[in-house]
Amino acid sequence: MIRVGALADIPVGEAIRVEADVPIAVFRVSTGGTDGADGAVYAIDDTCTHQKASLSDGWLDGCMVECPLHAACFDLRTGLPDGPPAKVPVRTHQVVVMDGMVYLKLAEHTGEPEVEVA
Ligand code: FES
């Protein structure tokens, strides 16, 4: 597992970038507190699958992040883009919060080409 840092150091509604074998974006979502997901932490590959913008620099809206370059939105729970220009999902990674610290279990690189979303 990769140690990210203290949960308290990731403000709700913000993201941080973690340098691993590939950069990882770690988000602490703000959902308004009505669905039990407020303050939940999600991790995805930081690099947009369209033209390599950093998704941790994007705009967070609930569990969706909007790419700062061409505005494709990715679901932090699934990695799926909601439409063009991005067609390929980003990888999602398992987040473990233990004793107030955030850790990541990175998804495997399969070596297979990613499946495009129609
Ligand atoms: S670089 Fe992300 S949508 Fe184009």
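Trainee: Okay, a disulfide is a pair of cysteine sulfur atoms within 2.5 Å. How many disulfides does a search of the whole structure find?

Mentor: Zero, across the whole structure. Keep in mind that this is a predicted model.

Trainee: Why is there no bond for C73, then?

Mentor: Its closest cysteine sulfur belongs to C67, and that atom is 9.0 Å away, so the two are too far apart for a bond.

Trainee: And is C73 buried or exposed?

Mentor: C73 is buried, with a relative accessible area of 15%. C63 counts as buried too, at 8% relative accessibility.

Trainee: Let's zoom out. What secondary structure does the chain have?

Mentor: Nine strands and zero helices. If you walk along from the N terminus, you meet β-β-β-β-β-β-β-β-β.

Trainee: How much of the chain counts as buried?

Mentor: The protein chain has 118 residues, and 42% of them count as buried. As for the surface, the chain exposes about 6,500 Å², and carbon and sulfur atoms supply 49% of that area.

Trainee: What about contacts between residues that sit apart in sequence?

Mentor: Take the contacts between residues at least 6 apart in sequence: 40% of them join residues at least 24 apart.

Trainee: Which residues have the most contacts inside the largest nonpolar core?

Mentor: Those are F27, I44, C48, L55, V65, F74 and L76, in a core of 16 residues. Strands β3 (24-28) and β4 each supply at least two residues of this core.

Trainee: L76 caught my eye. What is it in contact with, leaving aside neighbours within four places in sequence?

Mentor: Quite a list! Among the partners of L76 are F27, I44 and V65, which are also on the list of residues with the most contacts inside the core. L76 is in contact with V29, Y42, L60 and T92 as well, and with the run G62, C63, M64.

Trainee: Which residues are in the second core?

Mentor: The second, separate core has ten residues, including V4, I10, V102 and L104.

Trainee: New topic: charges. How many salt bridges does the structure hold?

Mentor: Four. The general idea is that side chains of opposite charge can pair when their charged atoms come close.

Trainee: Which residues are linked in a network of salt bridges?

Mentor: R17, E19 and D46. R17 meets E19 at 2.8 Å, N to O, and R17 meets D46 at 2.7 Å, N to O. The R17 and D46 pair links distant parts of the chain, 29 residues apart. R17 is in strand β2 (residues 14-18), while D46 is in the loop between β4 (41-45) and β5 (59-61).

Trainee: Are those three buried or exposed?

Mentor: You get one of each class. E19 is exposed, with a relative accessible area of 55%. R17 is partly exposed at 43%. D46 is buried, at 0%.

Trainee: Why does 43% make R17 only "partly exposed"?

Mentor: Buried means under 20% and exposed means over 50%, so a value in between counts as partly exposed.

Trainee: Got it. Which residue does R77 form a salt bridge with?

Mentor: With D75, and the closest N and O atoms are 2.9 Å apart. Here R77 is partly exposed, with a relative accessible area of 49%, whereas D75 is buried at 13%.

Technical notes
Residues numbered from 1 in each chain as written. Predicted model: local features only at pLDDT ≥ 70, side-chain atom pairs only at ≥ 80, totals over all residues. Heavy atoms only, no water. Salt bridge = Lys/Arg side-chain N within 4 Å of Asp/Glu carboxyl O. Buried < 20%, exposed > 50% of the residue type's maximum accessible area, 1.4 Å probe, protein only. Helix = DSSP H or I, 4+ residues; strand = E, 2+ residues; numbered from the N terminus. Contact = heavy atoms within 4.5 Å. Areas by Shrake-Rupley, 256 points an atom, 1.4 Å probe, with all protein chains shown as cover. Core = buried A, V, L, I, M, F, W, Y, C linked by side-chain atoms within 4.5 Å.
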